Amino acid sequence: MVIALPEHKGEETKNKALPWAMPRILIDGGSSVEILFCETFKQMGLKDECLVPSTYSIFGFNGSSTRPKGEVTLEIQVGKILTLTTFCVVDVLSPYTAIVGRSWVHEIKGVASTYHQILRFPTLDGVAEIIGDLA
């Protein structure tokens, strides 16, 4: 399922979450790691100096292993939920800006339905949802 995270500019998020929107995020329930693609990393204005060295390889890209450039921890805001998420930055071509897996979905206590193309998660105000990109 592919979703988009909207840009947050309100007072309550000022200086907390990064002020960028992220389109084309793949929610992959089979992935055990969150991935940020290098092109997205650069578009966000982040520099290689903020990367922490990674000690592992990722398997599954093009049937071979991929060595990450490093890892970066970002604040991701979905509705009123703010999470610290560690992304593995990889330099491969992808139609997506990022891939989030089980750990991020579990952290927001979310339920992703590929059939209904929706991600639902609890908030203090009730159940919030992000509708998948049908394009």
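Residues 24 or more positions apart account for 52% of the contacts in the protein with a separation of 6 or more. The model is a predicted one, and the tour below goes from the whole chain to single residues.

**Whole chain**

Start with a cartoon view of the full protein. Two helices and eleven strands make up its secondary structure. Followed from the N terminus, the order of elements is β-β-β-α-β-β-β-β-β-α-β-β-β. Switch to a surface view next: the accessible surface is about 8100 Å², and carbon and sulfur atoms hold 54% of that area. Of the 135 residues, 41% count as buried.

**The largest nonpolar core**

Select Ile3, Leu36, Val72, Phe87, Trp104 and Leu119 and show their side chains. Among the 25 residues in the largest nonpolar core, these six touch the most other members. Colour by element to see where the core comes from: β1 (2-5), β2, β6 (70-78), β7 (81-90), β8 (98-100), α2 (102-107) and β10 (118-123) each supply at least two of its residues. Which element gives the most to this core? That is β6, with four residues.

Apart from this core lies another one, of nine residues. To find it, select Val2, Leu26, Ile35 and Cys88, which are among its members.

**Trp104 and the cavity beside it**

Return to Trp104. Leaving out residues up to four places away in sequence, Trp104 touches Glu34, Ile76, Val78, Thr83, Thr85 and Leu119.

Trp104 also belongs to the lining of the second largest cavity, together with Leu5, Met22, Ile25, Ile76, Phe87 and Val100. How much space lies in this cavity? The volume is about 50 Å³. By class, the lining has seven nonpolar residues, no polar ones and no charged ones. Ile76 thus appears twice in this stop, as a contact of Trp104 and as a lining residue of the cavity. Over the whole structure, a search finds two cavities of 30 Å³ or more.

**The largest pocket**

Select Phe37, Glu39, Thr40, Ser94 and Tyr96. The largest pocket has about 210 Å³ of space, and of the 15 residues lining this pocket, those five are the closest to its centre. Now add β2 (22-27) and α1 (38-43), each of which supplies at least two residues of the lining. The most comes from α1, with five residues. What is the make-up of the lining by class? The count is seven nonpolar, four polar and four charged residues.

**Ser31**

Move to the loop between β2 and β3 (34-37), where Ser31 is found. Is Ser31 buried or exposed? The residue is buried, with a relative accessible area of 10%. Show the residues around Ser31: leaving out those up to four places away in sequence, Ser31 touches Ile99, Gly101 and Arg102.

**Two backbone angles**

The last stop concerns phi. Most residues other than glycine have a negative phi. Select Arg24, in strand β2. Arg24 is not a glycine, yet its phi is positive, near 50 degrees. Arg24 is partly exposed, with a relative accessible area of 39%. Then select Gln117, which sits in the loop between β9 (111-113) and β10. Gln117 is not a glycine either, and its phi is positive at about 55 degrees.

Key:
Residues numbered from 1 in each chain as written. Predicted model: local features only at pLDDT ≥ 70, side-chain atom pairs only at ≥ 80, totals over all residues. Heavy atoms only, no water. 1 Å grid on protein atoms, 1.4 Å probe; cavity = no way out; pocket = protein on both sides within 12 Å on 5 of 7 lines; lining within 4 Å. Points joined across faces, edges and corners; volume = space filled by probe spheres on them. Nonpolar A, V, L, I, M, F, W, Y, C, P; charged D, E, K, R; others polar. Buried < 20%, exposed > 50% of the residue type's maximum accessible area, 1.4 Å probe, protein only. Contact = heavy atoms within 4.5 Å. Core = buried A, V, L, I, M, F, W, Y, C linked by side-chain atoms within 4.5 Å. Areas by Shrake-Rupley, 256 points an atom, 1.4 Å probe, with all protein chains shown as cover.
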